[in-house]
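Work through the exercises below with the model open beside the text, and try each task before reading its solution.

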There are 2 protein chains.
Amino acid sequence: MKELSYNTEDPIAALATGWEESAIAVIRTSGTDAIELAAGVFSNKDGLRSAEGGTIVYGYVLDPETGARVDEVLAAVFRAPRSYTGEDSVEFFCHGGIPAVSVVLSALKKGGFRDAAPGEFTMRAFVNGKLDLTRAEAVHEIVTAKTAKAHSLALNRLSGALELRIEDLKRRVLDMLSSVELLLDYPEDELDGQAGEYPLDVQAVENLCADVQRLADSFKAGKVFRDGVPAALAGRTNSGKSSLFNLLLREDRAIVSEIHGTTRDYIESWITVKGIPLRLFDTAGLRNSDNPIEAEGIKRSGEVIADAGIILYLVDAVCGLNEEDRTFLDRLQGEERLIRLWSKIDAIPNEGAYDEDQVPDGFIPISSLTGEGLAELEKALAEAALGKKGLDDTVVIDSMRQRDLLQRAATALDKTRSAAEEQAPLDAAAMELRDALDAMGEITGEVSSADILNNIFSNFCVGK
Amino acid sequence: MKELSYNTEDPIAALATGWEESAIAVIRTSGTDAIELAAGVFSNKDGLRSAEGGTIVYGYVLDPETGARVDEVLAAVFRAPRSYTGEDSVEFFCHGGIPAVSVVLSALKKGGFRDAAPGEFTMRAFVNGKLDLTRAEAVHEIVTAKTAKAHSLALNRLSGALELRIEDLKRRVLDMLSSVELLLDYPEDELDGQAGEYPLDVQAVENLCADVQRLADSFKAGKVFRDGVPAALAGRTNSGKSSLFNLLLREDRAIVSEIHGTTRDYIESWITVKGIPLRLFDTAGLRNSDNPIEAEGIKRSGEVIADAGIILYLVDAVCGLNEEDRTFLDRLQGEERLIRLWSKIDAIPNEGAYDEDQVPDGFIPISSLTGEGLAELEKALAEAALGKKGLDDTVVIDSMRQRDLLQRAATALDKTRSAAEEQAPLDAAAMELRDALDAMGEITGEVSSADILNNIFSNFCVGK
């Protein structure tokens with residue numbers, strides 16, 4: 001830990017809530033002498049000094065130089081090891097707004113705290129054994145989650161589900177390694193009743209390797225939930241793109257954009273389908289925009305479609321397929337990201353019904369007017385984003401670091417399997433198993449270096 | 001209180017921090033049964049139920065329908081009357097980010113809380129006698145303060161300075177009213193030794209009226225600190241506007257823009273001079289912008305200058321005044337918002353010095369290169385914003401409601417003074433004094449109606 005760029009001895013302070021105008025702001029402090037230093041800038045010094053852990057003291061933060069009151073606050077006192085960081089800690093609940101936060105932070109700095117680096121509180125929690133690295137990373141993932149589902153997957157990791165899964169995989173590797181090392185330390189002629197038996201079961205190694213690989217592969221799903229998938233609406237003019245766009249927005253799924261006001265541009269919007277965040281682009285918007293150069297609009301449309309993880313191609317059921325549609329669809333033939341929609345089925349002049357036989361193969365019939373076909377579309381969207389199997393496990397990773405380490409472990413286990421198959425010398429198998437074990441130890445932080453920690457925690461927000 | 005559009009019986013919940021991504025978010029609840037309802041959505045139910053006031057309990061918020069964990073939180077328990085609202089209250093410190101906050105709020109609503117209306121927590125604090133109206137309004141003013149000085153003035157009001165001042169003025173009115181009413185109730189012939197003496201001292205009424213008027217007038221200063229003053233840099237091309245703009249930004253005063261990233265447009269920026277927020281416009285930027293139609297740029301320049309509370313007009317000391325300068329300056333002749341600057345004094349070819357006699361009357365010599373003249377400029381800016389007297393009292397109002405009521409009281413007192421001067425019948429004086437008293441009672445909330453309260457608290461942010 002000695003090369004860590006964070007000095008874990010310093011008392012630190014940081015704003016843990018946002019800078020925007022709000023009722024309350026929380027300023028966190030931590031360090032061995034955090035309570036005494038906090039008392040130095042607090043009106044009710046003895047109250048703070050004598051406060052039990054997990055209690056709240058009312059008072060004013062004072063400027064330690066002038067003694068002037070800088071804000072009215074509640075101070076929550078936490079005593080080691082029962083705190084987030086495992087150190088003594090005081091959290092100030094002060095008024096929201098930039099000036100209130102600025103003056104309190106400034107008083108704390110005059111009082112002996114330094115600004116915390118990104119992720120420094122969580123890093124101290126890790127260093128002090130409060131969290132393993134999978135949980136520490138989950139803290140960041142929870143905060144940056146885009147949808148309730150992504151949040152729930154990260155909360156599951158924070159609760160230790162991933163740590164347990166890794167520990168279980170590690171135990172299985174360790175059992176194999178033990179039996180191999182036993183034979184390496186005590187060659188078979190010294191052991192009773194094991195003569196000639198190769199200590200690794202090929203099938204068991206293969207199963208373990210598959211389990212590790214499956215967890216590594218869950219990164220794809222994790223990333224879908226974390227970053228979302230760009231989905232483009234395409235089709236000829238008047239094929240019903242804008243109506244479908246509006247239908248998808250209306251369906252109470254646009255949680256992110258509703259709350260956050262991210263949708264400034266009318267041609268794109270975040271929606272959530274079965275917990276998956278989708279960034280929906282209406283390429284019609286691009287073409288019909290005020291851009292005077294129409295060619296530019298078409299070019300941008302093309303780029304959106306090229307980059308889209310999902311393409312919803314609409315064909316007007318009343319007009320049917322034409323040459324332009326066929327050219328477009330042929331180009332994307334066989335791509336899993338393509339969803340074909342037979343739109344405006346409500347407009348077919350057939351006494352309100354439509355003939356299912358007339359829907360071309362692979363097309364989903366849909367009406368943005370009546371909502372018919374919406375359930376099938378949702379299913380298709382989820383499949384295009386996550387694959388046919390969908391999310392088949394509640395333990396999913398969304399950290400590239402974890403994915404790379406799991407991949408390293410899976411590769412090492414695959415080599416172990418080959419060695420077992422060939423009944424190769426045990427040294428080689430032992431080396432691979434040790435590598436798999438190291439990789440997994442690095443995931444939970446059992447094995448860690450200053451570089452690894454700096455890398456992980458520097459991505460965090462300040463105050464976490 | 002019965003017509004209040006807020007129902008003070010309901011258990012309420014609201015996010016008290018911002019929606020943006022952050023380490024921690026705080027969700028406030030309040031209501032007679034808030035602790036029991038909170039226990040209903042909390043993993044450690046008995047811990048919460050038995051928690052003493054001012055203590056913190058660790059646990060998970062659960063979805064009351066599925067029992068699933070929705071976030072890991074700390075729950076701070078406050079018991080009536082020792083809480084912000086004066087009711088039982090639980091504050092949840094959950095993870096920041098939209099999904100975490102959304103799922104916790106949703107669990108609380110399923111658990112029996114309703115969304116709090118803007119300012120509803122503070123309104124309950126007022127209704128329950130925790131705060132008078134001047135302090136309640138200060139809560140909002142603290143949060144929306146733009147600079148540390150504005151925050152400090154609002155904190156002073158929150159600490160009760162304005163309430164005390166109003167109480168003192170009210171006491172003086174009440175004393176006068178008592179002596180008048182004594183004579184009305186017991187005509188002079190019934191009282192000993194007071195025959196023929198008019199019960200009001202003209203000078204005392206005049207002094208009281210002046211004190212009330214001064215407090216009403218402090219609204220101007222309060223508004224300057226709260227809203228800031230638009231200040232425009234004007235002058236011919238190359239008169240040094242951009243250099244001065246940069247100098248003023250560099251001088252460690254741009255606290256708001258630094259933190260908040262408000263300065264997206266290079267032609268304007270918030271700066272703070274002697275605690276006064278100034279929104280500085282460089283009209284040079286307007287003219288030299290990429291706008292292809294130069295006339296449009298000049299028109300916008302003109303509008304900025306017309307709306308500016310302060311105009312800094314620069315004349316290049318090397319070139320001196322020309323016809324264009326004189327035309328501009330003549331138009332603003334005598335306006336207090338005009339500050340004339342004799343700029344680039346460092347460039348005068350006079351061995352580095354400049355001849356003070358050559359500076360035209362009323363101009364401040366300044367060099368953006370050396371910083372010479374900056375102190376005088378700051379003084380002039382503060383005077384232009386606040387007047388020559390500056391801020392001569394630590395008790396300042398920035399609420400238009402308070403200003404209007406104080407003005408009503410001052411007018412009533414002025415009429416009382418006239419009545420006293422003319423030794424008019426006492427009924428008229430008594431009526432005016434009662435009106436002054438009512439107006440001041442309305443300021444602190446001693447007298448209040450549902451309309452008044454709805455008006456005040458609907459401006460607050462949610463969660464406050």
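**Exercise 1. Find the rotation and shift that superpose chain B on chain A.**

Solution. Chain B is superposed on chain A by a rotation of 179 degrees with 0.0 Å of shift along its axis, leaving an RMSD of 0.1 Å, where the fit is by least squares on the C-alpha atoms of residues with pLDDT of at least 70 in both copies. That is the relation of a two-fold axis. In chain B, the C-alpha nearest this axis belongs to Thr55(B), at 2.1 Å.

This is a predicted model, in which local features need pLDDT of at least 70 and side-chain atom pairs count only at pLDDT 80 or more, while totals for chains, interfaces and linings use all residues. Residues are numbered from 1 along each chain as its sequence is written, chains are lettered from A and ligands numbered from 1 in the order in which they are written, and side-chain values use heavy atoms, with hydrogens and water left out.

**Exercise 2. Decide which residues of helix α13 (residues 323–331) of chain A are buried.**

Solution. Taking buried as under 20% relative accessible area and exposed as over 50% (1.4 Å probe, protein chains only), Asp325(A), Phe328(A) and Leu329(A) are the buried ones. Seen down the axis of α13(A), they fall within an arc of 95 degrees, so they line one face of the helix. The face turned away from that buried side carries the exposed residues Glu323(A), Asp330(A) and Arg331(A).

**Exercise 3. Explain why helix α17 (residues 450–457) of chain B is largely enclosed.**

Solution. Six of its eight residues are buried, so the rest of the structure largely encloses α17(B); Leu453(B) and Phe457(B) are among them.

Definitions and conventions
Helix = DSSP H or I, 4+ residues; strand = E, 2+ residues; numbered from the N terminus. Arc of directions from axis to C-beta.
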